[in-house]
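Thanks for coming. I have one structure to go through today, and I will start with the charged pairs. Please have the sequence and the model in view.

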Amino acid sequence: VLTLENWLWADSIVRSRGFTVPNVPRNSIGELHWKVRAEHDDNPTNVLCPLLDMLNHESSPNCIWDLEYPNGSMVLKATRAIKAGDELSLSYGQLREPSTLL
């Protein structure tokens, strides 16, 4: 049953943990049309990616995420050498003002 409490919980999860990716269409058998990706960069969608969403923000991160072609998998790539035990970090991009959370 979808209650207001459940909706608010789900909305907060997508807003706080979601990644914005291009909304790339699929063909009739489900393959992604990466050739037309540039045409859809202005119509992004949010996705959840467990584990990747646990990385903390750094202004100078040691990792970036990207989409792997042609299947659309999200991949994590190191931007520099990372020692064993070092924390992995991403840039969350331009962060919004706290007032937008209200």
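Aspartate 11 is partly exposed, because its relative accessible area is 27%, between the 20% limit for buried and the 50% limit for exposed. What does aspartate 11 pair with? Its salt-bridge partner is arginine 15, and the closest N and O atoms are 2.8 Å apart. Arginine 15 has a relative accessibility of 64%, so this residue counts as exposed. Both residues sit in helix α1, which covers residues 4-17. They are four residues apart, which is about one turn of the helix. Bear in mind that this is a predicted model.

How many salt bridges are there by the rule used here? The count comes to two. The other pair I want to show is aspartate 66 with lysine 77, where the closest N and O atoms are 3.5 Å apart. Aspartate 66 belongs to strand β4, residues 63-68, and lysine 77 to strand β5, residues 73-78, so this pair ties together parts that are eleven residues apart in sequence. Both ends are partly exposed: aspartate 66 has a relative accessibility of 28%, and lysine 77 has a relative accessible area of 38%.

Next, asparagine 62. Please find this residue in the loop between β3, residues 56-57, and β4. Is asparagine 62 buried or exposed? It is buried, because its relative accessible area is 6% and the cut-off is under 20%. What does its side chain reach? The side chain of asparagine 62 comes to 2.9 Å from the backbone oxygen of glutamate 87. A polar atom of that side chain also lies 2.8 Å from the backbone nitrogen of serine 89. If we set aside residues up to four places away in sequence, asparagine 62 touches Lys77, Ala78, Thr79, Arg80, Ile82, Glu87, Leu88 and Ser89. Lysine 77 on that list is the salt-bridge partner of aspartate 66 that I mentioned a moment ago.

Staying with strand β4, look at isoleucine 64, which is placed there. Isoleucine 64 is partly exposed, with a relative accessible area of 40%. Which residues does isoleucine 64 contact, leaving aside neighbours within four places in sequence? The answer is Val75, Leu76, Lys77, Thr79 and Leu90. Leucine 90 is 26 residues away along the chain, and the C-alpha atoms of isoleucine 64 and leucine 90 are separated by 5.9 Å.

Another pair separated along the chain is threonine 45 and glycine 18. They are 27 residues apart, with their C-alpha atoms 9.3 Å from each other. Threonine 45 lies in strand β2 and is partly exposed, at a relative accessible area of 31%.

After β2, in the loop that leads to β3, there is leucine 51. Its phi is positive, about 80°, although leucine 51 is not a glycine. Leucine 51 is exposed, with a relative accessible area of 65%.

Now the surface at the other end of the sequence. Leu2, Leu4, Trp7 and Leu8 form a nonpolar patch, and together they have about 500 Å² of accessible area. One of them, leucine 4, is found in helix α1. Leucine 4 counts as exposed because its relative accessible area, 62%, is over 50%.

A few totals to place these details. The protein has one helix and six strands, and from the N terminus on the order is α-β-β-β-β-β-β. There are 102 residues, of which 17% count as buried. The accessible surface comes to about 8200 Å², with 55% of it belonging to carbon and sulfur atoms. Taking contacts with a separation of 6 or more, 56% are between residues 24 or more positions apart.

Last, confidence. The mean pLDDT of the protein is 79, and 72% of its residues reach 70 or more. Which elements have the lowest and the highest mean pLDDT? Strand β2, residues 45-47, has the lowest at 80, and strand β6, residues 89-90, has the highest at 94. Where pLDDT is low, the predicted coordinates should not be read in detail. I will stop there and take questions.

Methods:
Residues are numbered from 1 along each chain as its sequence is written. Side-chain values use heavy atoms; hydrogens and water are left out. A salt bridge is a side-chain nitrogen of Lys or Arg within 4 Å of a carboxyl oxygen of Asp or Glu. Helices (H or I, at least four residues) and strands (E, at least two) are DSSP runs, numbered from the N terminus. Buried means under 20% relative accessible area, exposed over 50%, partly exposed in between (1.4 Å probe, protein chains only). A polar contact is a pair of N or O atoms within 3.5 Å; within protein, one must be able to donate a hydrogen and the other to accept it, and residues adjacent in sequence count only if both atoms are side-chain atoms. Contact means heavy atoms within 4.5 Å. pLDDT is the predictor's confidence in each residue, from 0 to 100. Patches are made of residues with over 30% relative accessible area and no salt bridge: like charges are joined within 9 Å, nonpolar side chains (Val, Leu, Ile, Met, Phe, Trp, Tyr) within 5 Å. Accessible areas come from the Shrake-Rupley method with a 1.4 Å probe; for residues, only the protein chains shown count as cover.
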